[in-house]
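Me: I would like to learn how to read burial, contacts and empty space in a model. Could you take me through them one by one?

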Amino acid sequence: MQLLPNLYMFRFPVGHAYLWRGADGLTLIDSGVPGSAPAIAAGIGSLGHRPADVRRLLLTHHHVDHAGSAAEITTWTDVTVYAHQADTPVLEGHEQVRPPLLTDWEQRLWDEVHGGKPPQPAAPVVVDHRLHDGDVIDLGGEPAVAVAVPGHTAGSVSFHLPRSRVLFTGDTIARLPDGTVILGVFNVDPEQAAESMRRQADLDVEIACFGHGEPLTHGASAPLRAAVTQLGDRRSG
């Protein structure tokens with residue numbers, strides 16, 4: 001799915017990934033579940049590129065539906081992997097995944113998704129650049145700002161392209177099938193996650209790319225801010 005002349009979405013049943021085409025090659029944002037790499041490679045080929053054209057892999061967080069194919073993608077070529085420093089120990093296999101704090105309705109959804117069992121971790125991948133809030137990544141002539149948005153995981157990070165007004169939220173924000181924008185689910189720190197959602201809603205965004213749900217392709221700032229207002233209403237109600 002093409003969102004801009006140089007921005008594409010890989011739509012998967014669980015955990016979307018995105019592709020940015022820069023002047024020096026390709027950047028992937030997230031990698032899908034394990035086994036997604038062949039489909040991503042095929043999509044890259046359909047655009048007239050090779051998997052070896054991938055220069056960077058930006059990971060929004062360590063969960064298996066976003067980092068599951070990262071290790072395989074790094075075998076394509078000399079891919080530089082970026083992730084927040086707080087999620088790096090899990091991505092590299094040195095720490096265990098921290099379980100989320102679930103509401104009653106999230107517990108039911110968790111059981112449906114995972115069959116009552118914790119998900120398996122992604123295959124370990126070496127993180128070349130451990131990101132901190134405000135770090136800028138050059139996507140081949142397009143600056144991307146790393147925005148620390150903890151709460152879903154300790155090291156969740158979104159990527160904001162201020163020049164093109166694009167935001168990759170990972171799982172910190174989601175969109176339901178009816179188009180409603182919501183706070184992402186399965187958070188290790190729900191209060192922190194809500195604050196991270198507010199922070200992203202303050203950014204100037206035309207296109208919002210979510211880890212789950214269809215992207216907002218125009219005027220994204222308004223629905224993001226409306227979702228934050230609804231979040232506040234629910235908390236006070």
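Me: Is Thr 153 buried or exposed?

Reply: Buried means under 20% relative accessible area and exposed over 50%, with partly exposed in between, using a 1.4 Å probe and protein chains only; Thr 153 counts as buried because its relative accessibility is 1%. This is a predicted model, in which local features need pLDDT of at least 70 and side-chain atom pairs count only at pLDDT 80 or more, while totals for chains, interfaces and linings use all residues. Residues are numbered from 1 along each chain as its sequence is written, and side-chain values use heavy atoms, with hydrogens and water left out.

Me: Where is the place of Thr 153?

Reply: Helices (H or I, at least four residues) and strands (E, at least two) are DSSP runs numbered from the N terminus, and Thr 153 sits in the loop between strand 9 (143-148) and strand 10 (157-161).

Me: Which residues is Thr 153 in contact with, leaving aside its neighbours within four places in sequence?

Reply: With contact taken as heavy atoms within 4.5 Å, the partners of Thr 153 are His 61, His 62, His 63, Asp 87 and Val 188. A polar contact is a pair of N or O atoms within 3.5 Å; within protein, one must be able to donate a hydrogen and the other to accept it, and residues adjacent in sequence count only if both atoms are side-chain atoms. The side chain of Thr 153 makes one such contact with that of Asp 87, at 2.9 Å, and another with the side chain of Ser 156, at 2.8 Å.

Me: How should I read the empty space, and how much of it lies in the largest pocket?

Reply: Rolling a probe the size of a water molecule over the atoms shows where empty space is left. On a 1 Å grid over the protein atoms alone, a pocket is an open set of points with protein on both sides within 12 Å along at least five of seven lines, and lining residues have an atom within 4 Å of a point. Grid points are joined across faces, edges and corners, and a volume is the space filled by probe spheres set on the points; for the largest pocket this is about 1,000 Å³.

Me: Which residues lie nearest the centre of the largest pocket, and which element gives the largest share of its lining?

Reply: Of the 41 lining residues, Asp 65, Val 113, Val 185, Phe 186 and His 212 lie nearest the centre, and helix 5 supplies the largest share of the lining, 5 residues.

Key
On a 1 Å grid over the protein atoms alone, a cavity is a set of points where a 1.4 Å probe fits but cannot get out, and a pocket is an open set with protein on both sides within 12 Å along at least five of seven lines; lining residues have an atom within 4 Å of a point.
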